[in-house]
Amino acid sequence: MFALVDGNNFYASCEQVFQPELRRQPLVVLSNNDGCAIARSAEAKALGVKMGHPAHELGLLVRRHGLQMRSANFALYGDLSARVVQVLADAAPRVEVYSIDESFLDLSGIPNREAFCRELRDRVRRWVGIPNCIGIGPTKTLAKAANKLAKKGPGVCDLSDRTARATALAQYPVEDLWGVGRKWAAKLGSMGVTTAAQLRDAPP
């Protein structure tokens, strides 16, 4: 059984750890040359800022809504990522770092997985300052899907139960699955496959 821990809006959250005045503010982190948005706070997303949004097009949001922009600080993000991983490694029997803001955990031998993940999520937030969500599933793909569902509100989503998994996958858009991009989603859609459950049940 796997869990995927993912830092929410990670680069923006890192900036907010050391600049508390940016919390609950629309915030964009810019690429190396300050050319475009590579991370957005939830408030910036609500204003319509897209990933890759050119910085020179954001002036109106700066003036009207107080949008904040910061240059990327990858040394800071790497340091906070290492701190998060250390918290995870102290709690779980095995941690596999997938990216700067995502890690898979091995939940073998942990009886109440959801309660464990809720406590761990809170610990990462309290000890490192990074908000995060955790998805649980019997495969890494399902753990990643559960993480996406967790971001919609509950913070922790467990797809280890067959009934809960069947209900979730019947509504889960196929384009949101790990490894299914825009082109594959369009191809699958032309074959009548629009949900994760339909892809799972399709003939090889």
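**Exercise 1. Into how many nonpolar, polar and charged residues does the lining of the second largest cavity divide?**

Let's work through this one together, keeping in mind that the model is predicted.

Step 1. Find the lining: Phe2, Arg94, Glu96, Phe104, Leu105, Asp106 and Lys140 line the second largest cavity.

Step 2. Sort the residues by class. Phe, Leu and other residues of that kind count as nonpolar, while Asp, Glu, Lys and Arg count as charged. The lining therefore divides into 3 nonpolar, no polar and 4 charged residues.

Step 3. Place the residues on the fold. Strand 5 (94-99) and strand 6 each supply at least two residues of this lining, and strand 6 gives the most, with 3 residues.

Step 4. Add the volume, which is about 30 Å³ for the second largest cavity.

**Exercise 2. Describe the largest cavity.**

Step 1. Begin with the count: there are 2 cavities of 30 Å³ or more. The largest cavity has a volume of about 90 Å³.

Step 2. Look at its wall. Of the 16 residues that line the largest cavity, Val5, Gly7, Val84, Asp101 and Glu102 are the closest to its centre.

Step 3. Name the elements. Strand 1, helix 4 (74-91) and strand 6 (102-106) give two or more residues each to this lining. Helix 4 gives the most, with 4 residues.

Step 4. Finish with the classes: the lining of the largest cavity has 8 nonpolar, 5 polar and 3 charged residues.

**Exercise 3. Which element gives the most residues to the lining of the largest pocket?**

Step 1. Picture the space first. The largest pocket holds about 1,200 Å³, and 40 residues line it. Gly7, Asn8, Asn9, Lys45 and Lys151 lie nearest its centre.

Step 2. List the candidates. The elements that give two or more residues to the lining are strand 1 (2-7), helix 1 (10-18), strand 3 (37-40), helix 2 (42-46), helix 5 (113-128) and helix 6 (140-150).

Step 3. Pick the top contributor: helix 1 gives the most to the lining of the largest pocket, with 6 residues.

Step 4. Check the chemistry of this lining, which has 16 nonpolar, 10 polar and 14 charged residues.

**Exercise 4. Now do the same for the second largest pocket.**

Step 1. The volume of the second largest pocket is about 200 Å³.

Step 2. Go along its wall in the structure; among the lining residues are Thr141, Leu142, Arg162, Leu177, Trp178 and Arg200.

Step 3. Match the lining to elements. Helix 6, helix 7 (162-171) and helix 9 (196-201) each supply at least two residues. Helix 7 gives the most, with 4 residues.

Step 4. By class, you should find 7 nonpolar, 1 polar and 3 charged residues in this lining.

**Exercise 5. How many disulfides does the count come to?**

Step 1. Recall the bond: a disulfide joins the sulfur atoms of two cysteines covalently. The test used here asks for a pair of cysteine sulfur atoms within 2.5 Å.

Step 2. The count comes to 0 disulfides. Cys36 is in none, since the nearest cysteine sulfur, that of Cys14, is 18 Å away.

Step 3. Try another cysteine. Cys157 is also in no disulfide, and its nearest cysteine sulfur, that of Cys133, is 10 Å away.

Step 4. Is each of these two cysteines buried or partly exposed? Buried means under 20% relative accessible area. Cys157 has 13% relative accessibility, so Cys157 counts as buried. Cys36 has 24%, so Cys36 counts as partly exposed.

Methods: Residues are numbered from 1 along each chain as its sequence is written. This is a predicted model: local features need pLDDT of at least 70, side-chain atom pairs count only at pLDDT 80 or more; totals for chains, interfaces and linings use all residues. Side-chain values use heavy atoms; hydrogens and water are left out. On a 1 Å grid over the protein atoms alone, a cavity is a set of points where a 1.4 Å probe fits but cannot get out, and a pocket is an open set with protein on both sides within 12 Å along at least five of seven lines; lining residues have an atom within 4 Å of a point. Grid points are joined across faces, edges and corners, and a volume is the space filled by probe spheres set on the points. Buried means under 20% relative accessible area, exposed over 50%, partly exposed in between (1.4 Å probe, protein chains only).
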